Amino acid sequence: MTLILTRSTIRELLADQVEEVEAAVARAHRDLTLGRAVLPAPPALRLPGTQGTFLAMAAASAPDGLAVVKLLADLPGNRDHGLPVQRSAVLATDTDTGACHALLDGAELTRVRTAAATAVATRALARADACTLGLIGTGPLARAHARALLPGRPYEQVVLWGRTPAGAHDLAAWITDELGVPAKVLDGPRAVTEACDVLCTLTPSREPLVEGAWLTPGQHINAVGAPPRPDHRELDTEAMRRCRIVVDAHDTARTKSGEVLIPLAEGALREDDFRTELGDVLAGTAPGRTADTDLTLFNSVGVGLQDLAVTRLLTDLAERKGLGIHVDLGA
């Protein structure tokens, strides 16, 4: 029987699982470094005459016993019709039997696993005394990041900015009231960048919003929001050049991340400048932060192995709680 999990069921299952999701994502990245998981770079499928891109994000894990593919549709034209620009669904197969294990909506899963990866990277790379969190972008991804990064962490305040002032003030009020950390809206990306110890960029920007000249030694930056396209980025070339870069997966970044591909084409970065993966740092096979003055950066493109890790967690939870829909696809 195949387990089907809808977005609302996934949201219910993950409501109190912040630490468990972070642990699952961290383990998946270590498994990749240690050779227990497989993560090819996803092919990009583009139909002639359209702006749309379809990514088949695949991964397989021996410890989790799953092979997974998430089909991500990135359709900029949807914005004109009031539809989500990105939509996705996850198909999981049992590695022992080849049976279709589960089918899941990808929206909530993607937001939560992306924020969890940021939390893992921040825990590994940021200074221990970091006390101000900065958010550029105020959409659902920003809320997911605040929920993943703030509880139980030593942040004293949050500073943020978004293109829509009303959205920014709503997010600040929600962080203050729901998460218990004072949050305030500043007047632009520069003000947020200069005021924080840990910065998360969470916008679908094509052009850079953060300049390298604004960065302060000792900061940690999470570049998260730009779509997986080689011409989209949130940080300029100088910012990338100044930072010690850690990526979620080198092969994926090398084909999908404008953050590294544009500086590479300009000659400002070399291949070795972004070869260190998050799993390497977690497993202790490569250094992350080496001094309090380092500028560290996690370049998050998003990978199928993260989807797999959270799929395993979700399906186990659903079976224990009796949630989801079971369908016999072979009937």
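In strand β14, which covers residues 296-299, the residue that bridges to N222 of strand β12 is F298. I begin with this contact in what is, I should say at once, a predicted model. The two strands, β12 and β14, run in the parallel sense and are joined over four bridges.

Strand β12 has a further partner. Strand β11, residues 198-201, also pairs with β12 in the parallel sense, again over four bridges. Here L199 has I221 of β12 as its bridge partner. As for the side chains of β12, which spans residues 220-223, H220 and N222 point one way, while I221 and A223 point the other way. Are these residues buried or exposed? H220, I221, N222 and A223 are all buried.

I turn now to the cysteines. How many disulfides does the structure hold? The count is zero. C200, for its part, takes part in no disulfide, and the nearest cysteine sulfur, which belongs to C196, lies 8.3 Å away. Since a disulfide requires two cysteine sulfur atoms within 2.5 Å, that separation of 8.3 Å rules out a bond between C200 and C196. C200 has a relative accessibility of 0%, and therefore counts as buried. C100, by contrast, has a relative accessible area of 22%, so this residue is classed as partly exposed; the cut-off for buried is under 20%.

The next element is helix α3, residues 107-125. Why does its length agree with expectation? At 1.5 Å a residue, the 19 residues of α3 should span 27 Å, and the C-alpha atoms at its ends are 27 Å apart, so the two values agree. The helix is also mostly covered, with 15 of its 19 residues buried.

Helix α3 leads us to a pocket. The second largest pocket has a volume of about 390 Å³. It is lined by 19 residues, and those closest to its centre are E108, V112, R143, A144 and R147. Four elements give two or more residues to this lining: α1 (7-14), α2 (18-33), α3 and α4 (140-149). Which of them gives the most? That is α3, with six residues. By class, the lining of this pocket comprises 12 nonpolar, one polar and six charged residues.

Let me move from pockets to cavities. A search of the whole structure finds two cavities of 30 Å³ or more. The largest has a volume of about 70 Å³. Of the 16 residues that line the largest cavity, A226, P227, S257, E259 and S300 are the closest to its centre. Its lining has six nonpolar, six polar and four charged residues.

The second largest cavity has a volume of about 30 Å³. Which residues line it? They are L39, P40, P42, M57, A58, T252, G302, V303 and G304. In the lining of this second largest cavity, six residues are nonpolar, three are polar and none is charged.

I close with one loop residue, D273. It is found in the loop between α9 (258-266) and α10 (278-283). Its relative accessibility is 25%, so D273 counts as partly exposed. D273 and V260 are 13 residues apart in sequence, and their C-alpha atoms are 9.1 Å apart in space.

Conventions. Residues are numbered from 1 along each chain as its sequence is written. This is a predicted model: local features need pLDDT of at least 70, side-chain atom pairs count only at pLDDT 80 or more; totals for chains, interfaces and linings use all residues. Side-chain values use heavy atoms; hydrogens and water are left out. Buried means under 20% relative accessible area, exposed over 50%, partly exposed in between (1.4 Å probe, protein chains only). Two strands pair if DSSP finds at least two bridges between them. The expected span of a helix is 1.5 Å times one less than its number of residues. On a 1 Å grid over the protein atoms alone, a cavity is a set of points where a 1.4 Å probe fits but cannot get out, and a pocket is an open set with protein on both sides within 12 Å along at least five of seven lines; lining residues have an atom within 4 Å of a point. Grid points are joined across faces, edges and corners, and a volume is the space filled by probe spheres set on the points. Ala, Val, Leu, Ile, Met, Phe, Trp, Tyr, Cys and Pro count as nonpolar, Asp, Glu, Lys and Arg as charged, and the others, Gly among them, as polar.
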